[in-house]
Amino acid sequence: MKAMILAAGLGTRFKPWTDEHPKALAIINGKSLLERNILYLQSFGIKEVIVNVHHFADQILETIHKHRGWGSDISISDETGQVLETGGGLQKAAGYFDYGSFVLMNVDILTDLNLEAMAFYHEEKKPLVTLAVTSRKSSRHFLFDREERLSGWRNTKTGEEKISITAPALLEKAFSGIHLISPEIFPLIHQEGKFSIVDIYLELAAAHTILGFDHSGSRLVDVGRTESVKVAEKLFL
């Protein structure tokens, strides 16, 4: 299995670090977010990884070279001309995924989610996409029916909703920033340039099965803000 780590973001919520560095190289107990996720993927036997870069891309390239990929075979998807968001970034790297399902994950997510269990679930159910989710509180949620099928999205602060499948008693689940994706998704993506993968999922969900994999109880920190660093340092030594 191959993986893609999304590391091209500007990290505007992670200032002042991101005024001079990419968020991917922010340090948690002596290791960068990027290194930690490369090692996390390795722990499940995944050593072929592509990383997209934009903000201070040269620093990421130098670090990967200096550490020889921390033992992984790392390719680069260059977005220095324009940051493409999750959907556009994935589409640009489509040619890298030449066999089987693959992992897509945000560089600022730290977790001990059992990725092997998630992969078994994905292979057993055979959806187009499996999304790692938990029952934690969040301002934005994916909505799932009782069979864990993605049916919509809701912003609990604004009340905005996007419904793909009408079903009774939809369950709110917070997304963990980790996807298992079947390569069959690429012919279904018609957008170009900069776009969100969430919009693609909500568009495809009515006709294609997208499932949630609930890993509530796992350790999980979204290190998207500077105040999350102390939390991450307590949980990930």
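Mentor: A polar contact is a pair of N or O atoms within 3.5 Å; within protein, one atom must be able to donate a hydrogen and the other to accept it. The model under discussion is a predicted one.

Trainee: Which residue caps the N-terminal end of helix 5?

Mentor: The cut-off for a polar contact is 3.5 Å. A side-chain oxygen lies 3.1 Å from the backbone nitrogen of Val-198. The residue that supplies this oxygen, and caps the N-terminal end of helix 5, is Ser-196.

Trainee: Which residues of helix 5 are buried?

Mentor: Helix 5 covers residues 197–204. Its buried residues pack against helix 3 and against several strands, including strand 8, strand 10 and strand 12. The buried residues of helix 5 are Ile-197, Ile-200, Tyr-201, Leu-202 and Leu-204.

Trainee: How many of the 11 residues of strand 12 are buried?

Mentor: Strand 12 spans residues 171–181 and is one of the elements that the buried residues of helix 5 pack against. Strand 12 is largely enclosed by the rest of the structure because the number of its 11 residues that are buried is 8.

Trainee: How many bridges join strand 8 and strand 12?

Mentor: Strand 12 has several antiparallel pairings: 4 bridges join strand 6 to strand 12, and 3 bridges join strand 9 to strand 12. In the pairing with strand 9, Phe-142 has Lys-173 as its bridge partner. Strand 8 and strand 12 also pair in the antiparallel sense, and their number of bridges is 5.

Trainee: Which residue of strand 12 is the bridge partner of Val-103?

Mentor: Val-103 belongs to strand 6, which covers residues 102–106. Thr-130 stands opposite a residue of strand 12, namely Leu-180. The bridge partner of Val-103 in strand 12 is likewise Leu-180.

Trainee: Is Met-105 buried or exposed?

Mentor: Met-105 lies in strand 6. Leaving aside neighbours within four places in sequence, its contacts include Met-4, Ile-5, Tyr-40 and Ile-178. Its C-alpha is 6.1 Å from that of Leu-6, although the two residues are 99 residues apart in sequence. The relative accessibility of Met-105 is 0%, so this residue counts as buried.

Trainee: Which helix gives the most residues to the largest nonpolar core?

Mentor: This core has 42 residues, and Ile-5, Leu-34, Leu-41, Val-103, Ile-178 and Val-223 touch the most other members. The helix that gives the most to this core, with 5 residues, is helix 1.

Trainee: How many residues does the other core have?

Mentor: The other core lies apart from the largest one. Among its members are Leu-6, Phe-97, Leu-131 and Phe-142. Its number of residues is 29.

Trainee: Of Tyr-40 and Phe-44, which form an aromatic pair, which one counts as partly exposed?

Mentor: The model holds 8 aromatic pairs. The pair of Tyr-40 and Phe-44 is edge-to-face, at 5.3 Å centre to centre and 75° between the planes. Tyr-40 counts as buried because its relative accessibility is 10%. At 29% relative accessibility, the residue that counts as partly exposed is Phe-44.

Trainee: What is the distance, centre to centre, of the aromatic pair of Phe-142 and Phe-144?

Mentor: Phe-142 and Phe-144 are both buried. Their rings form an edge-to-face pair, with 75° between the planes. Centre to centre, the distance is 6.4 Å.

Trainee: The charged end of which residue sits over the ring of Phe-236?

Mentor: Charges over rings occur at more than one place; for instance, Lys-162 lies over the face of Trp-153, at 5.4 Å from the ring centre. In the case of Phe-236, the distance from the ring centre is 4.8 Å. The residue whose charged end sits there is Arg-219.

Trainee: What is the relative accessibility of Asp-108?

Mentor: Asp-108 is placed in the loop between strand 6 and strand 7. Not counting residues up to four places away in sequence, Asp-108 touches Lys-23, Leu-33, Val-221, Asp-222, Val-223 and Gly-224. The cut-off for buried is under 20%, so Asp-108 counts as buried at a relative accessibility of 9%.

Trainee: What is the relative accessible area of Ser-218?

Mentor: Ser-218 is found in the loop between strand 13 and strand 14. Beyond residues up to four places away in sequence, Ser-218 touches Thr-111, Asp-112 and Leu-113. The C-alpha atoms of Ser-218 and Asp-112 are separated by 5.9 Å, with their positions 106 residues apart along the chain counted as their separation. Ser-218 is partly exposed, and its relative accessible area is 27%.

Definitions and conventions:
Residues are numbered from 1 along each chain as its sequence is written. This is a predicted model: local features need pLDDT of at least 70, side-chain atom pairs count only at pLDDT 80 or more; totals for chains, interfaces and linings use all residues. Side-chain values use heavy atoms; hydrogens and water are left out. Buried means under 20% relative accessible area, exposed over 50%, partly exposed in between (1.4 Å probe, protein chains only). Helices (H or I, at least four residues) and strands (E, at least two) are DSSP runs, numbered from the N terminus. Contact means heavy atoms within 4.5 Å. Two strands pair if DSSP finds at least two bridges between them. A nonpolar core is a set of buried Ala, Val, Leu, Ile, Met, Phe, Trp, Tyr and Cys residues joined through side-chain atoms within 4.5 Å. Rings of Phe, Tyr and Trp (its six-membered ring) pair if their centres lie within 6.5 Å; planes under 30 degrees apart count as stacked, over 60 as edge-to-face and the rest as tilted. A charge sits over a ring if NZ of Lys or CZ of Arg is within 6 Å of the ring centre and within 35 degrees of the ring normal.
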